[in-house]
Each structure stands twice: as structure tokens, then as C-alpha cells.
Amino acid sequence: MKTYIRLFFYGDIPGQETGSAPAPQGPKNDWPLWEVFIRSKQGLDHKHVGSLHATDAQMAIENARDVYTRRQEGVSIWVVKSQDIHASRPEESGELYDPAADKIYRHPTFYDLPDEINHM
Amino acid sequence: MKATLDYILHLADNALILGQRNAEWCGHGPVLEQDIAISNISLDLIGQARSFYQYAAELKGSGTTEDDLAYLRDERQFLNILLVEQPKGDWAFTTLRQFLFSSYQQLLFQKLTTHADERLAAIAEKTLKEVNYHVRWSSEWVIRLGDGTEESRSRILNAIASIWTFTGEMFMSESFETASGIVVTELETSWREKIKTSFAEANIDAPDNTFMRSGGKKGIHSEHLGFILAEMQYLQRSYPGCEW
């Protein structure tokens, strides 16, 4: 008997739109997973804070409001379906990230900054 | 003076008892996110109740505290409407009741923001933002369930059938309301309009000509209130002044 094991990485959940393998059969009433991004105050970036389940975008925003902003953590919410996020694979990290390790000249640490310049 | 105090207690009791009811979902919600949503609403309502009880305690004077009013009054002294004390039922019942009650609170607090009593107006103004969210959240659930599956629809229809008899009391004037310059009968038309709009989206009808039960505002309650109070007041009654 052959057993196929498919590896799914975080966020890379196959969906009908992506044309990849059929979604694994979860519990019948599972709601889709959404990733939540919160802006903590005006002028700052939206930061990933976690994920949650919801039936649609509107409900995802309200759930995010209830789950992630009840202690005044944010002033703006983004939600995106987890299946629409694609992630790099851990086993590719050698070719993707290691080459940068010996190229320290890419860091802006070789300049002499005048003392008057702060916040660099 | 007695009328003003009773009116504030009525507002406080409505919020406290529904807050206590909704708290029964804590840890039992259908999904984690909605469990937190209903618990947040529960806490909002208990927060509202505190604002009103604190004001009532000041009016009553002679060292009365908000805790005395919440924990040391008996069933017959509670002036909440019957709607809020009914058991939580299923998710359809809970969200429908929230929608009916929050829509009423929304109209009432909009009026109260211009009330001559500035303290009352300030509480209403602060609370209205929360209430607006409660209306939004609960109306979406009513629409979702009514316009959802066969089962969700039958659940919301059952909920409407069992809850409707408790809705009329919101608009029956009690002496403490008229004495405080509040005419609840005026709110009914706008309330029905609002309910009908959401019901239409869910493809359900609002019942007409139902027999309406009342008594809560007079302190005559259904059998359910005593059980809530027993659970809620047990600690203060058994260990007076206990804190943790």
C-alpha cells in the first residue's frame, strides 16, 4: 500500500482557486482561516498578530476586533485569507538566505556618520 | 427622587442581568472567536450596569455602594424587563435577544444623550458606542442564521416564536419612566422599523399582535430571575463584604 504524505507549509493551504491538490477533508463545518494584521497607531505598519476562523471578511474583521484589539492594541485591522499567503520553504533556506551571510558590505556600517545625525 | 432612583436602577438591572446571562456562554461559545465576542458584550453590559449603579448609589447616599445594589437586593426589588432574564437558549436565541434589546437600547440612549440629567446623558453618550457595535454584531447573526441553512433558519424562527411575547414590555410606560421624562412608547415605531429591516434581509417576518407579557418593571419576575440572583449573589450573601 502506498501512502502519500503532502507537506503544507504555514499559510500554503491548498484551495480550489490555486488549482493544486484538493483541500484535505477537515471537519465539515470548518470556517476558513484568516491572518490578522493590526496597526497599533496611526503612522505605524500593520503587523501580523495571529490568525482566526471566520466565514467571510466582514466577520473576520469583527472577530479580529474582539480577539486582538480588546486591550486597545489597534486602530486599524487587515485580514487576509491564510490560503492566499504563500510561504518560502524551510528546506530552501540554504539557497535563499545563506548567500547573504558573507556579504557584510551590504550593511551600511562602513560609513562615518557625523555626530549631529541621530536616529540612524 | 424615588422615581429617578428607580429609573436608574431599572437601566442598571437590565444591563446587569443580560450581562450575567451572556456570561454563561463564556467557555461554551460555538467557536473561540464568538465565545470572546459574546463575553466582551457581557463585560460591556456589566460595565454599563456599574456606571448606573454608581450613580444610583450616590443618589441613595448614606454609604450605599454599587455592590450593595447589585448583590444585596432581592428579586422583587429588581426592575429589569423580563426579556433579559430569560435563559440563554441556543445561539439563535442569544443573538436574537441581543439584537432586539440592543436596538432598543440604541434608540433609548440616543434620547438620553440630551436628557436634562447630565450624569445620565454622559453615561448614555459613553455607552452608545458599545451599543452600536452590539447592534451591528447581533443583527449580522440574525441575518446570517435566518438566511443560512435549513437548521439555522428553523432555530431563528423558534427563537422569534418564544421571545416575541417579552418584547412589548420595553415600550410599556412605567411611572418611574414618565416621571423621569422618558416616553418609551415613542420608541416603538422606530424599533419595529429597525427590526423589520434586518428581518427582511434574513427573509423573516416580525410577528404582529402577540400577547405581551410584563411585570419586570414592577418587580414581578418570571421564575428565572431568582436562579440568576442566587448564583450571582451567593458569595456576598454568605460572606458579607468578602473581597478577592
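Let me begin with the enclosed space in this predicted model, where the count comes to 1 cavity of 30 Å³ or more. About 40 Å³ of space lies within the largest cavity, and its lining is made up of L11(B), N14(B), F101(B), Y104(B), Q105(B), L108(B) and F109(B). Two elements of chain B, α1 (2-23) and α5, give two or more residues each to that lining, and α5(B) gives the most, with 5 residues. Divided by class, the lining of the largest cavity has 5 nonpolar residues, 2 polar ones and no charged ones.

I would like to stay with α5(B) for a moment and turn to its packing. Helix α2 of chain B, which covers residues 32-60, packs with α5(B) at an angle of about 35°, the two axes being 13 Å apart, and the crossing of α2(B) past α5(B) is left-handed. On the α2(B) side the residues that meet α5(B) are Q34(B), I38(B), I41(B), L45(B), Q48(B) and F52(B), while on the α5(B) side they are W91(B), T94(B), Q98(B), F101(B), Q105(B) and F109(B). This contact of α2(B) with α5(B) comprises 7 nonpolar and 5 polar residues, with no charged residues. If you compare the lists, F101(B), Q105(B) and F109(B), which meet α2(B) here, are also among the residues that line the largest cavity.

Next, the open space. The second largest pocket has a volume of about 590 Å³, and it is lined by 16 residues, of which W31(A), W141(B), L145(B), T149(B) and S152(B) lie nearest its centre. In chain B, α5 (91-112), α6 (118-146) and α7 (150-163) each supply at least two residues of that lining. By class, the lining of the second largest pocket divides into 7 nonpolar, 5 polar and 4 charged residues.

Since a residue of chain A, W31(A), is listed near the centre of that pocket, the last topic is how the two chains meet. How many residues of chain B are in contact with chain A? There are 13 residues of chain B in contact with 12 residues of chain A, and between them the two chains bury about 1,200 Å², with 48% of it on carbon and sulfur atoms. Of the area that chain B buries against chain A, 44% is supplied by E33(B), N40(B) and Y133(B), which is more than any other three residues supply.

Definitions and conventions
Residues are numbered from 1 along each chain as its sequence is written. Chains are lettered from A and ligands numbered from 1 in the order in which they are written. This is a predicted model: local features need pLDDT of at least 70, side-chain atom pairs count only at pLDDT 80 or more; totals for chains, interfaces and linings use all residues. Side-chain values use heavy atoms; hydrogens and water are left out. On a 1 Å grid over the protein atoms alone, a cavity is a set of points where a 1.4 Å probe fits but cannot get out, and a pocket is an open set with protein on both sides within 12 Å along at least five of seven lines; lining residues have an atom within 4 Å of a point. Grid points are joined across faces, edges and corners, and a volume is the space filled by probe spheres set on the points. Helices (H or I, at least four residues) and strands (E, at least two) are DSSP runs, numbered from the N terminus. Ala, Val, Leu, Ile, Met, Phe, Trp, Tyr, Cys and Pro count as nonpolar, Asp, Glu, Lys and Arg as charged, and the others, Gly among them, as polar. Axes are lines fitted to C-alpha atoms, for helices over the stretch in contact, and angles run from 0 to 180 degrees between N-to-C directions. A crossing is left-handed if the near helix is turned anticlockwise from the far one by less than a right angle, and right-handed if clockwise. Contact means heavy atoms within 4.5 Å. Buried area is the accessible area (1.4 Å probe) that two parts lose on being put together, summed over both.
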